[in-house]
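Me: I have a chain open in the viewer and would like to go through its fold step by step. Please keep the answers short and end each one on what I asked for.

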Amino acid sequence: MTALLRVESAAKYSVAILLPLALFTATYRLAFHPLRTYPGPFIAKLTDAYGGYQVKRKRLHLQAHSDLSKYGPVYRQGPNRLVFNTVAALRDISRHPSIRKSHVYSFTSFTPTPHVLGTVDPEPHRMKRNVYGRALSGHVYMAWPAIRALNRIVMLFNMPKLLTGARLLKNIIKRRAAMEESSGRHDFWAVASTSHQEHDLTTPNSIEKSHVWAEALFFFPAGGQTTSCALSAAFFYLSRHPFVYARLAAEVRDVFSDGSLIQGGPQLLSCKYLRAVIDETLRMSPPTTVMPWREVDRHLSSKEPCVIDGHVVPGGTLVAISAYCLMHNKAYFPEPFAFRPERWLDDTDPDRLARMAEAFIPFSVGDTMCLGKTMAYMEMSLVLAKTLWYFDFKQAPGEAGKLGGGNPEGWDGALRGRVDEFQLYDAFVGQHNGPNLTFIPRKEL
Ligand code: HEM
């Protein structure tokens, strides 16, 4: 009985304290907050739960697109958050000295040592980018044996298998760590290990604390899931656009006299339509759907205000540009939901092409831009060219063939109603379903 009374009075006191506090916070956020004049959904002005709820439902990119159509090129997505949707804002955000990667990035690391993406402090981040940039450029990365094994693992990537993947990854690292330094291997490990001498990378017990372990766990989705998502999207769009399919197949089959000759090099680079198909796929369905939050320095000097696309933004504000939204902005990409690779090849209006290039950001821009871009283009080009050389493919018949597209009748039909759009489910790297295709070996081979 006494315990019950105690609980009751504790509840009363909590309400007496929390209710005025909540009212005070709500009034401040609505009427006095420096971002109070920005448009946006009412709930978003009060709490970050608005964005959080959309992320939970894996559709923040779609909701943001819909909100931008309603509120204009900048809106308030949380009490302290602004989302912009113009190239001018992109330029200002990526170049302003007082804007840097937001602290929320550090939550993406689950290892004692943060991986490169989760490293928020500019200095260690720059140092890591230097090392990995060297390792990922050109043939050095191609020679990294772990990734070839990883690609096979990534095919099986899903949560229950993650642990198996992690075990395999650890074995790969252990095997490589056990090799003599004098083995003369010119691979990612050789570059990364000599750059982090303070960590004993060669002792198996220390693997979990090492940079290489943190990066390996990050590269697993960053390198594999992104590329597999983009390839799935490319197969989806090709199976729905017979003219694009026919033109691409003709290009690949003309340029290469034999499938075994398809490899990285000038011939593959000469396949301009292939590149246009990949770019249009990345524009339509960018694998990274996450909001890349940047933070305006809290201690901004009043002499040097932070101006983003004409808006003076106060210190401490989180700002972002969603790649999905910018690449579906009609101002840069007319008919943004139409899959038209030709738009990348039409050089009758160079200004329009330049505007498109500026707004094309599937790999982000600035000093946090993707380090695997070259690698990703190479992988996607090889897979598409080889597949089209050896096979023909088409959408699977019946209901199964619809997998991957939108459904206006579905529970999320208001946002996922476009049947010809390959649907991405917003996680750090976009998740997806399908497509289901039928592959037929080419008759003439
Ligand atoms: C189609 C494929 C890919 C896409 C669309 C993509 C996209 C991106 C994006 C948008 C970012 C910046 C994220 C942010 O700032 O929030 C990023 C970062 C990164 N990506 Fe990729 N990526 C792809 C493939 C790869 C591959 C193949 C690798 C290497 C194996 C890779 C390695 C990285 C690394 C290391 C970073 C972190 C860069 C940093 O924080 O400085 N990516 N990627």
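Me: Which residue in β2 does Tyr 75 stand opposite?
Reply: This is a predicted model. In it, 4 bridges join β1 to β2, and the two strands run antiparallel. They form a hairpin with 2 residues between them. The residue in β2 opposite Tyr 75 is Val 83.

Me: Is β1 largely enclosed or open, and how many of its residues are buried?
Reply: A residue counts as buried when its relative accessible area is under 20%. By that cut-off β1 is largely enclosed by the rest of the structure, because the buried count is 5 of the 5 residues.

Me: In what order do the 5 strands of the open sheet lie?
Reply: Strands of a sheet pair through backbone hydrogen bonds, either parallel or antiparallel. Here the pairing is mixed. The edge strands, each paired on one side only, are β1 (74–78) and β3 (99–101). The twist from one strand to the next averages 35°, and the order is β1-β2-β7-β4-β3.

Me: What stands opposite Ile 99 in β4?
Reply: β3 and β4 (residues 294–296) run antiparallel and are joined by 3 bridges. Opposite Ile 99, in β4, stands Val 296.

Me: Which strands does helix α5 touch where it packs on the sheet?
Reply: Helix α4 (residues 60–71) also packs on the sheet, touching β1 and β2 (81–84), and its direction makes about 135° with that of β1. Helix α5 covers residues 87–95, and its direction makes about 130° with that of β7 (318–321). The strands α5 touches are β2, β3, β4 and β7.

Me: Which residues does Leu 62 contact, leaving aside its neighbours within four places in sequence?
Reply: Leu 62 is in helix α4 and is buried, with a relative accessible area of 3%. Leu 62 and Tyr 425 are 363 residues apart in sequence, yet their C-alpha atoms are 9.4 Å apart in space. Beyond the neighbours within four places, the contacts of Leu 62 are Tyr 324, Leu 415, Arg 416, Arg 418 and Gln 423.

Me: What separates the C-alpha atoms of Gly 72 and Pro 39?
Reply: Gly 72 is in the loop between α4 and β1. It is partly exposed, with a relative accessible area of 21%. Gly 72 and Pro 39 are 33 residues apart along the chain, and their C-alpha atoms are separated by 8.2 Å.

Me: Why does the distance between the end C-alpha atoms of helix α11 agree with its length in residues?
Reply: Helix α11 has 30 residues (211–240), so at 1.5 Å a residue it should span 44 Å. The helix does bend, by about 35° at Phe 219, and a proline, Pro 221, follows within four residues. Of the 30 residues, 26 are buried, leaving the helix mostly covered. The end C-alpha atoms agree with the expected span because they are 43 Å apart.

Me: Which protein residue is the donor to the iron atom of the ligand?
Reply: The iron has a single donor from the protein, an SG atom 2.3 Å away. The residue lies in the loop between α16 (350–359) and α17 (373–390). It is Cys 370.

Me: What is the phi of Glu 335, and what is that of Ser 364?
Reply: Most residues other than glycine have a negative phi, and most peptide bonds are trans. Glu 335 is in the loop between α15 (323–326) and α16 and is exposed, at 53% relative accessibility. Ser 364 is in the loop between α16 and α17 and is partly exposed, at 27%. Both values are positive: for Glu 335 phi is about 45°, and for Ser 364 about 70°.

Me: Where is the cis peptide bond to Pro 435, and what is its omega?
Reply: Pro 435 is in the loop between β8 (391–395) and β9 (437–441). The cis bond runs from Gly 434 to Pro 435, with omega near 5°.

Me: What share of the chain's contacts with a separation of 6 or more comes from residues 24 or more positions apart?
Reply: The chain has 17 helices and 9 strands. Of its 445 residues, 46% are buried. Among contacts with a separation of 6 or more, the share from residues 24 or more positions apart is 71%.

Notes:
Residues are numbered from 1 along each chain as its sequence is written. This is a predicted model: local features need pLDDT of at least 70, side-chain atom pairs count only at pLDDT 80 or more; totals for chains, interfaces and linings use all residues. Side-chain values use heavy atoms; hydrogens and water are left out. The expected span of a helix is 1.5 Å times one less than its number of residues. The bend at a residue is the angle between axes fitted to the seven residues ending there and the seven starting there. Buried means under 20% relative accessible area, exposed over 50%, partly exposed in between (1.4 Å probe, protein chains only). Donors are N, O and S atoms within 2.8 Å of the metal (3.2 Å for Na, K and Ca); water is not among the atoms, so sites may look incomplete. Two strands pair if DSSP finds at least two bridges between them. Axes are lines fitted to C-alpha atoms, for helices over the stretch in contact, and angles run from 0 to 180 degrees between N-to-C directions. Contact means heavy atoms within 4.5 Å.
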